[in-house]
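I sat down with this model today and kept a short log of what I looked up. Here are my entries, in the order I made them.

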Amino acid sequence: MPRTSERRVLEAASRWLAPAAVFLALALALDQWVARGGAPMTIPRPLDVLHLLLREQATLLHHLGFTVLTAGYGLLGALLLALVIGVAAYAWPRVEQPLLGYGAVLSSVPMIAIAPILSVWLGLTLGTRVLITVAICFFPLLVAILQGLRESRASEQELFTVLAATPLQRFRLLALPSAMPFLFVGLKIAAPLAVLGALIGEWNGAEEGLGVIMLNAMFGLQVQRLWATVVVACIVSSLTYAYICVIERVAGFDRTAQEAT
Amino acid sequence: MAGLSIQNVSKSFQLDGRSVPALDGVSLELEEGQFGALIGPSGCGKSTLLRMVADVFAPTAGHIAINGAPPQQARRDHQIGFVFQEATLLPWRSVLDNVRLPLEILGPGHVPARSPEELVRLVGLGGYEHASPSQLSGGMQQRCAIARALVASPRILLLDEPFGALDEVMRYRMNFELLRIRAQTRTTALMVTHSIEEAVLMADRVFVFAAKPGRIVDTLEVDLPRPRRLGTMDDPRFNALVDHARHALFSQLPHEIDHEVAHAENV
Ligand SMILES: Nc1ncnc2c1ncn2[C@@H]1O[C@H](COP(=O)(O)OP(=O)(O)OP(=O)(O)O)[C@@H](O)[C@H]1O
Ligand SMILES: [Mg+2]
């Protein structure tokens, strides 16, 4: 039986090292394949992309800053909007069904098609890009919050009835804490979507941002540069997810972690 | 009138569009500070009766009065302590914070007779104050729920099989602990249990229920001296009462069952 510290190391290894090794092996295989000239033009050598990432680090980070800012504002805006509307629907249950109906229809409108219209109407500003991000993130958050606020068990509701809790206490002490795990599920879906929203916003016109470099690289047929931006976008998307997971754990709403201890 | 008064209470539930009677004409009285026990087969409406006393829902017919007032008023005045059949602890709160919940709902004006910390120790959960409910066994969760029901000094205590998940030894300990706390506070109590011995050991009155529809078929006056102790169970009167309650309970079984069992064992 290995000691706990050893086991930790083993666990971390199986969790991070194994996937990393697989990834590395695939990347190297791809690199060899492209180097031998067997691959189409549009696939660059991973090593070249890596070089470019390191060489243009400063530029990429500069543009990435704008994208992250847009995504952050957008996610926050969507969260606030979903909370306000979710709580209103909790207070007036009759509006919940119509709200979900409209929400579902609106969220099925492809944002990539609407974004240019919004840009024409509202101008190529940060506000427009944030709005596009809010629109993309809003619905999953709303569904999560509505579901969460209704999630308490019948026996828990009875407990609060017997304790003669006011509606506000019932909300604050029962509905809201019950909703937190759901809220985090919603956030984990919405956070990578926020990065996507920011990119879509930038494709429709911006001076700076990862989406701008992406577009320029595409039209300039700079394959390595294009791939570098894609890699950065992937990493940032995953990091937003990880970031939400960390907040969830720190705030103590990670039920799986609790049960494991 | 002080105490608990239940007059001719009936309750029907809607099931597939039909109205199914769960309780039919139940009447019982407890004086203030008295301890009542309900025993009866599963599904005879014991939990339903407790819920109506706590004003979770209203009876279809009949009257309930807690210290002379309707249940709605007693509930609004925070006079009811309820231990549910399942512990119903909030999973995101620690043991101590679960016990504190009624005080939070009462607001800062209320000074509890016993602090939540003291109650947690009293139910044997000292050292587990900051544990989460998922880290407790079923019996420990139930003891936490008992502490929570007591923290706001209720004037009536409703207990739905509070000790069902406990082992024999812990069960007796909790029985006597509850009797001790109640002797100090003079709280009226009504407890559902499946143990005839427990009912007779703790109660002043035992109400024996029958099912379909739920009704009281017998009421036992338990005149055993207080404080009750383990020795109480050696008292011949104790055993006589237990036998009496058992007969009242088993009289509901159709007699064929006896024959069937005898037949099955002979084969
Ligand atoms: N909310 C409800 N809706 C419909 N029927 C109900 C409801 N609650 C209870 N019943 C019915 O009322 C009857 C009595 O239920 P109750 O829970 O009071 O039984 P009980 O005596 O507490 O049983 P047990 O000892 O198993 O806990 C049952 O037949 C049950 O199906
Ligand atoms: Mg029951």
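**Entry: the interface.** I began with the pair of chains: chain A and chain B bury about 1,900 Å² between them, and 64% of that area is on carbon and sulfur atoms. By buried area I mean the accessible area (1.4 Å probe) that two parts lose on being put together, summed over both. On the side of chain A, I found that Glu158(A), Val162(A) and Leu163(A) supply 31% of the area this chain buries against chain B, more than any other three residues. Counting contacts (heavy atoms within 4.5 Å), I get 19 residues from chain A and 25 residues from chain B.

**Entry: ground rules.** A note to self: the model is predicted, so local features need pLDDT of at least 70 and side-chain atom pairs count only at pLDDT 80 or more, while totals for chains, interfaces and linings use all residues. Residues are numbered from 1 along each chain as its sequence is written, chains are lettered from A and ligands numbered from 1 in the order in which they are written, and side-chain values use heavy atoms, with hydrogens and water left out.

**Entry: polar links across the interface.** How many salt bridges does the rule find between chain A and chain B? I get one, taking a side-chain nitrogen of Lys or Arg within 4 Å of a carboxyl oxygen of Asp or Glu. The partners are Arg51(B) and Glu158(A), with their closest N and O atoms 2.7 Å apart. I also count five residue pairs in polar contact between the chains, both residues at pLDDT 80 or more. A polar contact here is a pair of N or O atoms within 3.5 Å; within protein, one must be able to donate a hydrogen and the other to accept it, and residues adjacent in sequence count only if both atoms are side-chain atoms.

Next I asked which elements of chain A give two or more residues to the side that touches chain B: they are α7 (154-162), α8 (167-203) and α11 (255-260). Of these, α7(A) gives the most, with seven residues. By class, this side of chain A has nine nonpolar, six polar and four charged residues. For the classes, Ala, Val, Leu, Ile, Met, Phe, Trp, Tyr, Cys and Pro count as nonpolar, Asp, Glu, Lys and Arg as charged, and the others, Gly among them, as polar.

**Entry: ligand 1.** I listed the residues with a heavy atom within 4 Å of the ligand; among them are Phe13(B), Lys46(B), Gln85(B), Glu161(B) and His194(B). Helix α1 (residues 46-53) of chain B gives the most to this shell, with three residues. The shell has three nonpolar, seven polar and two charged residues.

Then I checked distances to ligand oxygens. A backbone N or O atom lies 3.2 Å away for Cys44(B) and 3.0 Å away for Gly45(B). For Thr48(B), a side-chain N or O atom is 2.5 Å from an oxygen atom of ligand 1. The protein covers 62% of the 640 Å² of accessible area that ligand 1 has on its own (Shrake-Rupley method, 1.4 Å probe; for residues, only the protein chains shown count as cover).

**Entry: chain A and backbone oddities.** Chain A has 11 helices and zero strands, taken as DSSP runs numbered from the N terminus (helices H or I, at least four residues; strands E, at least two). Its C-alpha atoms fill a box of roughly 75 × 65 × 30 Å along the principal axes. Leu221(A) is not a glycine, yet I noted a positive phi of about 50°; Leu221(A) sits in the loop between α9 (210-219) and α10 (223-251).

In chain B, I logged a cis peptide bond between Lys212(B) and Pro213(B), with omega about -10°. Pro213(B) is in the loop between β8 (205-210) and β9 (215-221). The bond from Arg226(B) to Pro227(B) is cis too, with omega near -5°, and Pro227(B) lies in the loop between β9 and α8 (236-250) of chain B.
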